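Good morning, and thank you for joining this meeting. Please take a moment to look at the sequence and the structure before I begin.

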Amino acid sequence: MATKQEVKGYLAYWFQLGKRVITGNGKASFLPQPVLNGDRYSQEFEECWQKIISPESGDCYLEGTYETIAELLTPVWNMLPCSRCSMPVAARNVGMPALLCPCNDLPNWPNTELPAPREPIKTQDQLQIIRDRLVKNIT
């Protein structure tokens with residue numbers, strides 16, 4: 001089952017590549033910029049997330065996919081890495097998988113020459129992990 005945090009992260013990754021969330025039968029869309037603000041999601045992203053999960057928004061889905069965000073929050077779905085580009089994609093627990101990866105319509109993707117999208121990073125935690133690895137390799 002995909003957790004709320006996993007679905008939120010899934011959207012954050014795809015927003016960083018310019019994918020929008022479509023709502024209102026294509027009449028409106030969301031693409032917060034920036035997505036990240038240091039070690040957390042940006043205020044714009046957090047406000048967008050609240051709109052997306054609000055029942056008043058109706059059906060919302062990531063551009064290039066058919067599954068609604070509300071469906072992804074049910075026990076039927078998991079978030080797994082795409083076999084083509086390693087970005088998170090929705091996968092059913094049982095039954096047929098999602099028809100397409102959102103990367104399907106992105107020209108020149110995957111592009112290993114660009115930094116990959118990511119989740120917020122706590123710099124001090126990452127530096128501690130690097131320090132621990134270095135200390136371990138020295139001893």
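I begin with Pro-120, which is found in the loop between strand 7 and helix 4 (123-138). Helices here (H or I, at least four residues) and strands (E, at least two) are DSSP runs, numbered from the N terminus. This is a predicted model, in which local features need pLDDT of at least 70, side-chain atom pairs count only at pLDDT 80 or more, and totals for chains, interfaces and linings use all residues. Residues are numbered from 1 along each chain as its sequence is written, and side-chain values use heavy atoms, with hydrogens and water left out.

Is Pro-120 buried or exposed? Pro-120 is partly exposed, at a relative accessible area of 23%; buried means under 20%, exposed over 50%, and partly exposed in between, with a 1.4 Å probe and protein chains only. Leaving aside neighbours within four places in sequence, Pro-120 is in contact (heavy atoms within 4.5 Å) with Leu-36, Gly-38, Asp-39, Arg-40 and Tyr-41.

Strand 7 (residues 88-92) has four of its five residues buried. Strand 7 pairs with strand 6 (residues 77-81) in the antiparallel sense over five bridges; two strands pair if DSSP finds at least two bridges between them. Trp-77 has Arg-92 in strand 7 as its bridge partner. The hairpin of these two strands has six residues between the strands, and there Ser-86 takes a positive phi near 70°.

I turn now to the open sheet. Three strands form it in the order 2-1-5, with antiparallel pairing. Its edge strands, strand 2 (28-30) and strand 5 (60-62), each pair on one side only. Strand 1 (residues 21-23) and strand 2 are joined over three bridges, and Thr-23 has Ala-28 in strand 2 as its bridge partner.

Helix 1 lies across strand 1, strand 2 and strand 5, and runs at about 55° to strand 5.

How, finally, do the two helices meet? The axes of helix 1 (residues 4-16) and helix 2 (residues 43-53) come within 11 Å and cross at roughly 120°. Axes are lines fitted to C-alpha atoms, for helices over the stretch in contact, and angles run from 0 to 180 degrees between N-to-C directions. Helix 1 is therefore oblique to helix 2; angles under 35 degrees count as roughly parallel, over 145 as roughly antiparallel, 65 to 115 as roughly perpendicular and the rest as oblique. Among the residues that meet are Val-7, Leu-11 and Phe-15 in helix 1, and Phe-45, Trp-49 and Ile-52 in helix 2.
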